[in-house]
Amino acid sequence: MIFSAYCPKLDRVEKVGQLMKDKVAMKLYGTLEILESKMDTLINELEGNLIKSITGTDFYCNAFSSILKPK
């Protein structure tokens, strides 16, 4: 199987990054420090279940379950 160098549908970090971008994009922040503070807050609010729900796709679940099936 060949994948391109940039494939956001398969890159889990891209999905978390998109969530962060959706929370801060198209808003005005008075200073860079305010934006950085908002980003820090969002990062600290990320929980394991939220990360799992964002990154846990059928593609990954099926791929890992087929590899890790007991023989």
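## The loop after α1

Met-26 sits in the loop that links α1 (12-24) to α2 (32-45). This is a predicted model. Met-26 is not a glycine, yet its phi is positive, at about 60 degrees. Most residues other than glycine have a negative phi.

Is Met-26 buried or exposed? Its relative accessible area is 86%. The cut-off for exposed is over 50%, so Met-26 counts as exposed.

## Overall fold

The loop belongs to a chain with four helices and zero strands. Along the sequence, the pattern reads α-α-α-α.

How much of the chain is buried? Of its 71 residues, 11% count as buried. The accessible surface comes to about 6200 Å². Carbon and sulfur atoms hold 61% of that surface.

Contacts also span the sequence. Take the contacts with a separation of 6 or more. Residues 24 or more positions apart account for 50% of them.

## How α1 meets α2

Two packed helices are described by the angle between their axes and the distance between the axes. For α1 and α2, the axes come within 11 Å. They cross at roughly 135 degrees. An angle over 145 would count as roughly antiparallel, and 65 to 115 as roughly perpendicular. The value for this pair falls in neither range, so α1 is oblique to α2. The crossing of α1 past α2 is right-handed.

Which residues make the contact? From α1 come Met-20, Lys-23 and Val-24. From α2 come Leu-35, Lys-38, Met-39, Leu-42 and Ile-43. By type, six of these residues are nonpolar, two are charged and none is polar.

## Met-20 at the contact

Met-20 is part of helix α1. Its relative accessible area is 8%. Buried means under 20%, so Met-20 counts as buried. Met-26, in the loop, is exposed at 86%.

Which residues does Met-20 touch, leaving aside neighbours within four places in sequence? The partners are Met-39, Leu-42, Ile-43 and Leu-46. Met-39, Leu-42 and Ile-43 are also among the α2 residues in the contact with α1.

Lys-38 is another α2 residue in that contact. It lies 18 residues from Met-20 along the chain. The C-alpha atoms of Met-20 and Lys-38 are separated by 9.9 Å.

Notes
Residues are numbered from 1 along each chain as its sequence is written. This is a predicted model: local features need pLDDT of at least 70, side-chain atom pairs count only at pLDDT 80 or more; totals for chains, interfaces and linings use all residues. Side-chain values use heavy atoms; hydrogens and water are left out. Helices (H or I, at least four residues) and strands (E, at least two) are DSSP runs, numbered from the N terminus. Buried means under 20% relative accessible area, exposed over 50%, partly exposed in between (1.4 Å probe, protein chains only). Contact means heavy atoms within 4.5 Å. Accessible areas come from the Shrake-Rupley method with a 1.4 Å probe; for residues, only the protein chains shown count as cover. Axes are lines fitted to C-alpha atoms, for helices over the stretch in contact, and angles run from 0 to 180 degrees between N-to-C directions. Angles under 35 degrees count as roughly parallel, over 145 as roughly antiparallel, 65 to 115 as roughly perpendicular and the rest as oblique. A crossing is left-handed if the near helix is turned anticlockwise from the far one by less than a right angle, and right-handed if clockwise. Ala, Val, Leu, Ile, Met, Phe, Trp, Tyr, Cys and Pro count as nonpolar, Asp, Glu, Lys and Arg as charged, and the others, Gly among them, as polar.
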